[in-house]
Amino acid sequence: HNSGTFQDSQKNVTNKKTKAKDSGCYQNRHATDPIGQSFVVDAQDGVFVTSVDVFFSSKSATAPVTMQLKTMYQGYPTQKVIPFGEVTLNASEINTSTDATTATNFQFPSPVYLQDQTEYCFVMPCSTTDCTIYTARMGQKTLDGSRLISKQPTLGSMFKSQNGSTWISEQNEDIKFDLKTAKFQETSTG
């Protein structure tokens, strides 16, 4: 059950309580080491995801970043990228901020259908240690120091991997993100 709310053209599944962490994607000698975040679709009849906003604190001057929507199996990300669920942004398209207020929008080439009451994830493989994103960790203070993070904003987990296929779940840490969904209007003609 997601704690996000519906707004006209988007479903917010946002972690407003953020803490800058070294939770980026990076590369070892053999393969990229992605980071991911799971979430549950809690909307009758499912949703059509149009894009995902992620909040970066640093980026590479040259390396692109990819976003993939993937299925989950037994609580872990799979290798299966959902059709139309992959987009790559050039380094120049990645926005950064020092306070987690500026988003980078990963817009998919076509709306991606996700079923109701189903767990999915987004994964971000990249080929550099220069990218860091904002996350929140239970028990730590918010960026502005005004409060302690005492609960998770969504039903989901952050994942880290050293090879893109074996995942470690971070039960007390989540990526700050906004999941944007399409809102369709029915029209009829004569």
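A residue counts as buried when its relative accessible area is under 20%, as exposed when that value is over 50%, and as partly exposed in between. In this predicted model, phenylalanine 48 has a relative accessible area of 32% and is therefore partly exposed. Phenylalanine 48 belongs to strand E7, which covers residues 47–54, and on the surface Phe48 joins Tyr113 and Phe184 in a nonpolar patch whose accessible area together is about 310 Å².

Before turning to the charged side chains, the confidence of the prediction deserves attention. The protein chain has an average pLDDT of 81, and 82% of the residues score at least 70. Over residues 1–31, however, the pLDDT is below 50, although this stretch has 107 contacts in the model beyond near neighbours in sequence.

The salt bridges in the model number four, and a network of such bridges links Arg137, Lys160, Glu170 and Glu173. One of its pairs is formed by glutamate 170 and arginine 137, whose side chains meet with an N to O distance of 3.2 Å. This pair links distant parts of the chain, since glutamate 170 lies in strand E15 (residues 167–170) and arginine 137 in strand E13 (residues 132–137), with the two positions 33 residues apart in numbering. The two partners fall into separate classes of accessibility: glutamate 170, with a relative accessible area of 17%, is buried because this value is under the 20% limit, whereas arginine 137, at 23%, counts as partly exposed.

Arginine 137 also meets the side chain of glutamate 173 in a salt bridge, here with an N to O distance of 2.9 Å. This pair, too, links distant parts of the chain, for arginine 137 is in strand E13 and glutamate 173 in strand E16 (residues 173–175), 36 residues apart. Glutamate 173 has a relative accessible area of 1% and is therefore buried.

Glutamate 170 in turn forms a salt bridge with lysine 160, where the closest N and O atoms are 3.9 Å apart; this value is within the 4 Å cut-off, so the pair counts as a salt bridge. Lysine 160 in strand E14 (residues 158–161) and glutamate 170 in strand E15 are 10 residues apart, and they likewise link distant parts of the chain. With a relative accessibility of 27%, lysine 160 counts as partly exposed.

Taken together, the network of salt bridges runs through Arg137, Lys160, Glu170 and Glu173, with glutamate 170 bonded in this way to arginine 137 and to lysine 160, and with arginine 137 paired to glutamate 173 as well.

Key. Residues are numbered from 1 along each chain as its sequence is written. This is a predicted model: local features need pLDDT of at least 70, side-chain atom pairs count only at pLDDT 80 or more; totals for chains, interfaces and linings use all residues. Side-chain values use heavy atoms; hydrogens and water are left out. pLDDT is the predictor's confidence in each residue, from 0 to 100. Contact means heavy atoms within 4.5 Å. Patches are made of residues with over 30% relative accessible area and no salt bridge: like charges are joined within 9 Å, nonpolar side chains (Val, Leu, Ile, Met, Phe, Trp, Tyr) within 5 Å. Accessible areas come from the Shrake-Rupley method with a 1.4 Å probe; for residues, only the protein chains shown count as cover. Helices (H or I, at least four residues) and strands (E, at least two) are DSSP runs, numbered from the N terminus. Buried means under 20% relative accessible area, exposed over 50%, partly exposed in between (1.4 Å probe, protein chains only).
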